[in-house]
Amino acid sequence: MKPVISDSILYIGADDHDIDLFENQYPVPDGVSYNSYLILDEKVAVMDTVDRRRTETWFDALTKALNGRDPDYLIISHMEPDHAYNIGLLAEKYPQMKLVGNAKTFAMLPRFFDASLTGRAVTVADGDSLPLGRHTLTFYTAPMVHWPEVMVSYESEEKLLFSADAFGRFGALDVDMPWLDEARRYYLNIVGKYGVQVQALLKKAAGLDVKKILPLHGPVLEGDLSPYLEKYDLWSRYVPEEKGVALAYCSIHGNTEKAALLLRDFLAGAGETVEVFDLCRCDMSAAVAAAFRYDRLVLACPTYDGGLFPPMEDFLSHLKSKNFQGRAAALVENGSWAPISAKLMGEKLSAMKDVTVLTDPVTVASAVKPETEAALKALAENLSRR
C-alpha cells in the first residue's frame with residue numbers, strides 16, 4: 001500500500017517484485033520498494049529518484065503528482081544507483097531544476113552522469129537549510145550510512161525525517177509484513193559495518209522533533225517511533241537484542257548436521273531459543289542477522305582439504321566484514337583423520353572484537369557416537385548457563 005503523507009508531501013516511489021537479489025546478493029522474496037517523495041510548496045522539491053528497473057513507473061507518478069508544475073529542486077540523499085539512476089534523465093527533462101547535495105555528492109556525480117551542472121548545483125553542508133515556502137528542509141550529513149556522501153533531510157513544518165537508507169527494510173509496500181525481521185536483515189547486511197557512524201546520526205536525530213521517518217526503502221514509520229530507534233541503537237552498538245543461540249553449521253555427508261541438530265535439541269530442552277542455519281542452503285544474510293540478534297553463536301563445521309568447509313569460511317568472512325563483535329561462541333568440529341576446523345574457526349573469531357569462545361570444542365570423529373552425544377549435551381549445559 002502506498003503511504004499517505006500529507007496534502008503537500010506525496011509518495012511517488014515504486015515497488016519491485018521482479019527483483020530476486022538486492023544488490024545482486026541478498027534474496028528479496030517479497031520484493032523491495034524504491035521510495036521517492038515530492039514536496040509541493042511555493043518551490044517544488046523532488047526527494048530522490050528510483051532504480052532503473054522502475055524508471056517509467058516513477059516518471060509517470062512524478063508527472064501526475066506535479067500536475068503541470070515543474071520541479072525547482074532535486075534533493076540527492078544518496079548516490080547509489082537504486083536511488084540515483086534517474087538523476088540524469090530528470091535533469092535533462094527539467095533544465096531549470098537545481099540539484100541539491102553536499103560536496104561529496106557533487107564529487108561523485110560526474111562518475112555516474114555526463115550532464116553539465118554548471119549553475120545548477122546547490123552545495124549544502126551539515127545544518128544548512130533550504131526554504132521551499134511553508135516547508136523548510138534542513139540537511140544533516142550521515143557519512144558511511146552507508147556511503148560517504150549520504151545525507152538526511154529534516155522538514156520542520158510537518159516534522160518529517162527523510163532518512164535515506166537508514167530505517168529501511170526489505171519488502172515491497174504492497175506486502176503486509178512486520179517491520180522488524182526484514183529491517184534487521186537489511187540493516188545488518190547493508191549498514192551493519194558502520195555502527196559508529198549510525199550512532200553519530202542517531203545523536204543528530206535526537207535533537208529533532210520527528211513525527212514520521214521516510215526512508216528510501218520500506219514503509220514510512222509513524223506513531224511511536226521509540227521501538228525503531230531502540231533497535232537502531234542496539235544494532236549500531238552491537239548489543240544483542242535477546243538471549244538465544246544462533247547455530248550455524250555446514251555438513252558434507254550429514255554427520256556434522258546430525259551433531260548440530262542434536263545440539264539444537266539439547267539447547268531447546270534446556271529452555272534456550274535456538275535458530276539453526278544450514279550454511280550450504282540458507283540465505284546467508286539471514287544467518288548473519290541471527291548471529292547479531294542473539295547473545296551466543298555456535299559454529300559446526302567439518303575439516304575440508306586441510307581447512308574449513310567453504311560455506312563456513314564464507315559465513316565467517318561475512319561476519320567479520322559486518323563488524324561482528326561482543327558475543328560468546330562455541331565450536332563443533334568434524335574430521336576423519338586430522339580435524340582442525342575448530343582451531344581455524346577459533347582463529348577467525350579471535351580476529352573479531354570481544355568474541356569469546358566459551359569452552360573446549362566438541363570433536364566429531366567422523367560419525368556421531370554415544371560419547372559425542374554426551375559431549376554435545378555437556379556443551380549445551382555450558383551454553384545454557386551463560
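Student: Which elements cover the buried residues of helix α9 in this structure?

Tutor: Among those that cover them are β4 (26-27), α5 (180-191), β17 (242-249), β18 (274-278), β19 and α10 (310-321). Keep in mind that we are looking at a predicted model.

Student: What makes α9 "mostly covered"?

Tutor: A residue counts as buried when its relative accessible area is under 20%. In α9, nine of the 10 residues are buried. They are Met284, Ser285, Ala287, Val288, Ala289, Ala290, Ala291, Phe292 and Arg293.

Student: What does α9 bring to the largest nonpolar core?

Tutor: Helix α9 (residues 284-293) gives seven residues, the largest share of that core. The core has 94 residues, and the ones touching the most other members are Leu99, Leu299, Phe315 and Leu319. As a general point, nonpolar side chains tend to be buried together in soluble globular proteins.

Student: How do you know that Phe315 touches α9, and which residues are in contact with Phe315?

Tutor: Contact requires heavy atoms within 4.5 Å. Beyond four places in sequence, the partners of Phe315 are Ala248, Leu279, Met284, Ala287, Val288, Ala291, Leu297 and Leu299. Four of those names also appear among the buried residues of α9: Met284, Ala287, Val288 and Ala291.

Student: Which residues belong to the other core?

Tutor: That core lies apart from the largest one and has 21 residues, including Ile5, Ile9, Val124 and Leu160.

Student: On to the rings. Why is the Tyr37 and Phe162 pair called edge-to-face?

Tutor: Two values decide it. The ring centres are 5.5 Å apart and the planes meet at 70°. Pairing needs centres within 6.5 Å, and edge-to-face needs an angle over 60 degrees, so Tyr37 and Phe162 pass both tests. This pair links distant parts of the chain, with Tyr37 in strand β6 (residues 37-40) and Phe162 in strand β14 (residues 160-162), 125 residues apart.

Student: How do you know whether Tyr37 and Phe162 are buried or exposed?

Tutor: Tyr37 has a relative accessibility of 1%, and Phe162 has a relative accessible area of 3%. The cut-off is under 20%, so Tyr37 counts as buried, and so does Phe162.

Student: And what kind of pair do Tyr232 and Trp235 form?

Tutor: A tilted one: the centres are 5.5 Å apart and the planes 50° apart. Stacked would need under 30 degrees and edge-to-face over 60, so an angle of 50° lands in the remaining class. Tyr232 and Trp235 sit three residues apart in helix α7 (residues 226-237), about one turn of the helix, and both are buried. They also belong to one aromatic cluster with Phe167, Trp179, Tyr187 and Tyr228. In total, the structure holds 17 aromatic pairs.

Student: What else can we say about α7, for example about Leu234?

Tutor: Leu234 is found in helix α7. Setting aside neighbours within four places, Leu234 contacts Val239 and Glu241. Leu234 and Arg293 are 59 residues apart in sequence, with their C-alpha atoms 9.6 Å apart in space.

Student: Which residues are closest to the centre of the largest pocket?

Tutor: They are Ile252, Pro302, Thr303, Gly335 and Ser336, out of 19 lining residues. This pocket holds about 360 Å³ of space. β19 (294-304) and α8 (255-269) each supply at least two lining residues, and β19 has the largest share, with three.

Student: How do the linings of the two largest pockets divide by class?

Tutor: The largest pocket has seven nonpolar, 11 polar and one charged residue. In the second largest, the lining has five nonpolar, one polar and seven charged residues. The second largest pocket contains about 260 Å³ of space. Of its 13 lining residues, Ile19, Glu23, Asp51, Arg53 and Asp82 are the closest to the centre. Asp, Glu and Arg count as charged, so Glu23, Asp51, Arg53 and Asp82 fall in that class.

Student: Finally, how many helices and strands does the chain have, and what part of it is buried?

Tutor: There are 12 helices and 23 strands, and 56% of the 386 residues are buried. The C-alpha atoms fill a box of roughly 75 × 40 × 35 Å along the principal axes.

Methods. Residues numbered from 1 in each chain as written. Predicted model: local features only at pLDDT ≥ 70, side-chain atom pairs only at ≥ 80, totals over all residues. Heavy atoms only, no water. Core = buried A, V, L, I, M, F, W, Y, C linked by side-chain atoms within 4.5 Å. Buried < 20%, exposed > 50% of the residue type's maximum accessible area, 1.4 Å probe, protein only. Helix = DSSP H or I, 4+ residues; strand = E, 2+ residues; numbered from the N terminus. Phe/Tyr/Trp six-rings, centres within 6.5 Å; stacked < 30°, edge-to-face > 60°. 1 Å grid on protein atoms, 1.4 Å probe; cavity = no way out; pocket = protein on both sides within 12 Å on 5 of 7 lines; lining within 4 Å. Points joined across faces, edges and corners; volume = space filled by probe spheres on them.
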